[in-house]
Structures are given as C-alpha cells and as structure tokens.
Amino acid sequence: MKSIALSLQHCHNQNRYRRREVMNSPQGVHVLLENTPYLSFCSNDYLGLANDERVKNALIEGVSQYGVGSGAAHLITGHFEPHHQLEQALAKHTGRSRALLFSTGYMANLGVIDALSSRGGLVLEDRLNHASLIDAGLSSRADFKRYKHTDLYDLETQLKNATQDSPLIVTDGVFSMDGDIAPLNEMSVLAEKYGARLLVDDAHGLGVLGASGGGVCEMLNLNENDKPIIMGTLGKAFGSFGAFIAGSGELIEWLIQRARTYVFTTALPPAVAMASLASLKIIQTEPQRREHLQFLIKKFREGVSELGLELMSSQTPIQPIVVGDEKQALAWSEALRKNGVLVKAIRPPTVPEGTSRLRVTLSAGHSIEDVDKLLHELRKLA
Ligand SMILES: *Cc1c(COP(=O)(O)O)cnc(C)c1O
C-alpha cells in the first residue's frame with residue numbers, strides 16, 4: 001500500500017483533492033461561506049425548510065420538553081414520544097403501514113439491506129446508486145451485482161438468470177448526481193414477475209415529488225402491496241436530520257430485531273423528531289413550494305438550453321450541467337464563485353470518469369431573479 005502522503009499527492013495531481021469550507025450562516029439560498037456572501041445552488045434544502053421559523057421553533061420547543069440527548073438506543077430507553085409520532089406520520093405520508101426512524105440515510109440503507117439479505121441471496125443494484133446503497137450491497141453477505149443505469153432489459157436478464165430466491169432489487173428513486181427518476185412502475189412489474197423484492201431510496205424525491213410531497217412512489221402511484229419498500233431522508237427536503245424505512249408491519253418488526261444500524265446506536269434527539277414533524281406538516285400543507293420549485297426547474301432548463309450547454313434529462317431540482325473533465329468543471333465553478341454564485345463541481349469518483357459536472361440544485365427558496373442571475377453568469381462561460 002502507498003503511503004498516505006503519496007496517496008494525497010496523487011489526489012492533488014488528479015484534480016480530485018477535496019477541501020471543506022466553513023459556513024457562517026444558516027443553510028439556505030443566501031449563505032456566508034468562509035465569511036463571504038454567495039447566492040447558493042448547492043444545498044439539498046429543496047423546500048427552503050432548514051431555516052424555517054416554524055421548524056426552528058419546534059426544535060426549541062422539543063429541547064425544552066425533552067432536553068438534548070436521547071441518552072440511549074431505541075430498544076433501551078431512547079424511543080421517545082416524538083419519535084413514535086413521527087414514525088406514524090411518516091407511514092401515513094408515504095402510504096405504508098409502518099415506518100422506522102434511523103439516525104441517517106446511510107445507516108438506514110446499511111441496516112435495511114443487511115436485514116433483508118443473507119448468505120446465498122442476491123442484491124441487484126443500479127450502477128449509479130448512492131454510495132451508501134453500494135456499500136450496503138458490498139458488505140451484505142449476499143451476492144452483489146449491478147445492472148446498467150435504469151436499464152430494464154439488463155435488470156430482467158439478471159433476474160432471469162438468478163438462481164437465488166427472492167432477490168433484492170435496490171435503486172435510487174431520483175439519482176443524486178444525474179437527477180433522473182428510476183422507472184419504478186416497470187421495475188415493480190419485474191419484481192412481481194420474478195418474485196423479487198424492491199427497495200427505493202427516495203432521499204431526493206420525498207417532499208419534492210408527488211402532489212402532497214409523498215415522493216416518487218406517490219408520483220408514480222406505487223402504493224400497493226408495499227412495493228417498493230421506501231427509504232426516505234429527513235436531512236434534505238425536510239431541512240432536518242435523520243431517515244426512515246417505510247413498509248409493511250412485518251418488515252418493520254424484522255428491522256427492529258435485525259437492523260444492526262438501528263439496534264446498536266443512540267436514537268436521534270427527540271427534539272429533532274419534533275422539528276421533522278413540523279417540516280412534514282409544512283410539506284403537506286404548502287404545495288405552493290413544490291409548484292414554485294417546478295416553475296424554477298422549467299425556467300432554468302429553458303435558459304440553459306438557449307445557452308447551448310448540455311443538461312441531463314432531469315425533471316427534479318437536481319440539474320447537472322455536464323462539463324466533461326475535472327479541470328474544466330473546477331474552472332467553471334471557480335469563475336461562478338468569483339461572481340458570487342456558488343455551484344459545486346462534482347468529479348470522479350463521485351461520478352464516472354469524463355462526466356465531471358456542475359451540480360446545480362434548485363430550491364423553493366430561490367426567487368425567479370436568483371435563477372436569472374445564475375443564467376446570466378452561465379452565459380459568460382458558455
Ligand atoms: C443523502 C443521501 C443518502 C444519505 O442520507 P443521509 O441522511 O445524509 O445519511 C442516501 N441516499 C441518497 C440517494 C442520498 O442522496
């Protein structure tokens with residue numbers, strides 16, 4: 001193995017070295033990064049709830065009622081009333097029988113895939129799935145295979161050839177670096193046909209897609225038979241923190257027994273669950289946030305195609321502009337930044353070689369003028 005110093009140097013040479021920068025303001029559209037003001041297009045706060053007064057007040061109220069730390073895992077004495085209420089509300093919101101809270105989406109994915117796979121089983125994943133799903137597949141005891149991105153033919157071929165019982169198909173609902181949506185209706189049919197199970201990671205769809213923000217399954221009308229099982233996160237459109245799995249009562253009972261990332265970790269602070277409950281209420285009662293967001297997405301796409309830049313086929317707030325090489329992506333990001341606009345360059349290994357991009361994410365917090373400003377700055381680069 002190379003020394004750490006050499007490996008770091010290698011990152012540098014490939015233009016892949018990553019640095020953290022310090023935020024000095026709340027998350028949102030107008031931020032202070034390293035004490036400099038920017039118009040930001042790089043958070044996952046799709047509905048502008050991370051700094052919402054009502055969500056903040058719910059957290060503060062939660063702290064005065066329950067203190068800060070949960071002090072134990074859910075199975076000991078860490079399962080508080082707000083956790084319980086949030087689980088029931090999330091089950092209802094996603095049209096599933098039950099839901100189970102996890103501390104993060106990463107842990108939810110590791111936990112559910114581990115609990116649903118065993119030696120001699122098969123986990124089938126989309127090639128472009130989120131890293132946490134890939135890690136979960138790799139560390140499960142089952143055989144792990146990938147199919148081509150959203151390729152139903154490849155998926156069916158692998159299902160046909162599988163010798164294992166009830167494979168677990170796993171996909172992002174909205175792909176985090178491309179913004180496109182998995183063909184879940186067709187995948188559901190394939191799962192049924194081959195006796196497979198289906199898990200969808202809806203980190204980027206929940207709150208954003210579907211008439212009431214129920215996510216990709218609501219949008220595609222997939223509310224029958226708990227197919228697919230849903231993983232949702234609370235740190236993105238919810239503007240809070242945490243994650244959950246939603247599915248049948250039996251599934252949730254099994255996860256409580258077997259999901260190691262559920263059993264062996266401290267429960268979220270109950271106040272955070274109260275903040276998530278407040279977000280959920282806003283998500284359900286303020287569809288105008290989703291409507292405004294959809295309007296901005298349309299406006300942005302029209303503007304970018306007029307500039308002759310390459311967009312991906314995305315109808316979600318994730319709108320990557322493909323640049324190609326790492327250096328160019330970094331140079332563009334840097335040029336925008338000089339003019340007060342924050343858009344991050346995404347490079348390998350997060351995305352495949354040769355597809356470095358500017359990952360623009362839109363939020364209901366953006367105004368029409370904000371999107372105009374971004375288009376104006378992009379015009380200078382194009
Ligand atoms: C962000 C994300 C996760 C991880 O969720 P956290 O709560 O941030 O750990 C999982 N899957 C996808 C697709 C994501 O975008």
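Start at the ligand and select Lys236: a polar side-chain atom of this residue lies 2.6 Å from an oxygen atom of the ligand. Keep in mind as you click around that this is a predicted model. Now add His204, which brings a polar side-chain atom to 2.5 Å from a ligand oxygen. Then pick Tyr106, and look at its backbone: a polar backbone atom there is 3.0 Å from an oxygen atom of the ligand. With the protein in place, 82% of the 380 Å² of accessible area that the ligand has on its own is covered.

Next, show the whole shell. It has 14 residues, and the closest are Gly105, Tyr106, Asp201, His204 and Lys236. Which elements each supply at least two residues of this shell? Colour α5 (105-115) and β8 and you have them. Of the elements, α5 gives the most, with three residues.

**Out to helix α10**

Leave the ligand and select residues 249-258, which form helix α10. Show Leu251, Ile252, Leu255 and Ile256 as sticks; these are the buried residues of the helix. Look down the axis and you'll see why they group together: they cover an arc of only 140°, which puts them on the same side of α10. A bit of background helps here: an α-helix has 3.6 residues a turn, so residues three or four places apart point the same way. Flip to the other side of α10 and you'll find Glu250 and Gln257 exposed.

Stay on this helix and click Glu253. Its side chain meets that of Arg98 in a salt bridge, with N and O 2.5 Å apart. That pair links distant parts of the chain, since Arg98 sits in strand β3 (residues 98-102), 155 residues away from Glu253. Are the partners buried or exposed, or something in between? Glu253 is partly exposed, with a relative accessible area of 35%, and Arg98 is also partly exposed, at 29%.

**More salt bridges**

There are 16 salt bridges in the model, and two further stops are worth a click. Go to Lys227 and Glu192, where the closest N and O atoms are 3.2 Å apart in a salt bridge. Lys227 lies in the loop between α9 (216-219) and β8 (229-233), while Glu192 belongs to helix α8 (residues 184-193), so this pair ties together parts that are 35 residues apart in sequence. Lys227 has 17% relative accessibility and therefore counts as buried.

Now select Arg289 and Glu286. Their side chains form a salt bridge too, at 2.7 Å from N to O. Arg289 is buried, with a relative accessible area of 19%, and Glu286 is buried as well, at 14%. Add Asp52 and Arg54 to the selection: salt bridges that share partners join these two with Glu286 and Arg289 into one network.

**Helix α15**

Select residues 368-381 and you have helix α15. Try a distance between the C-alpha atoms at its two ends: they are 21 Å apart, which agrees with the 20 Å that its 14 residues should span at 1.5 Å a residue. Which of its residues are buried? They are Asp370, Val371, Leu374, Leu375, Glu377 and Leu378. Turn the view down the axis of α15: the buried residues fall within an arc of 165°, so they line one face of the helix. The face turned away from that buried side carries the exposed residues Glu369 and Lys380.

**Backbone oddities**

Finish with some backbone geometry. Zoom in on Pro348 and Pro349, which are joined by a cis peptide bond with omega of about 10°. Pro349 is in the loop between β12 (344-346) and β13 (356-361).

Then jump to Glu34, in the loop between β1 (30-33) and β2 (36-40). Glu34 is not a glycine, yet its phi is positive, about 50°. Its relative accessible area of 40% makes Glu34 partly exposed.

The last stop is Asn221, in the loop between α9 and β8. Asn221 is another non-glycine residue with a positive phi, here about 65°. At 58% relative accessibility, Asn221 counts as exposed.

Notes:
Residues are numbered from 1 along each chain as its sequence is written. This is a predicted model: local features need pLDDT of at least 70, side-chain atom pairs count only at pLDDT 80 or more; totals for chains, interfaces and linings use all residues. Side-chain values use heavy atoms; hydrogens and water are left out. A salt bridge is a side-chain nitrogen of Lys or Arg within 4 Å of a carboxyl oxygen of Asp or Glu. Helices (H or I, at least four residues) and strands (E, at least two) are DSSP runs, numbered from the N terminus. Buried means under 20% relative accessible area, exposed over 50%, partly exposed in between (1.4 Å probe, protein chains only). The expected span of a helix is 1.5 Å times one less than its number of residues. The arc is that of the directions from the helix axis to the C-beta atoms. A residue is near a molecule or strand if one of its heavy atoms lies within 4 Å of it. A polar contact is a pair of N or O atoms within 3.5 Å; within protein, one must be able to donate a hydrogen and the other to accept it, and residues adjacent in sequence count only if both atoms are side-chain atoms. Accessible areas come from the Shrake-Rupley method with a 1.4 Å probe; for residues, only the protein chains shown count as cover.
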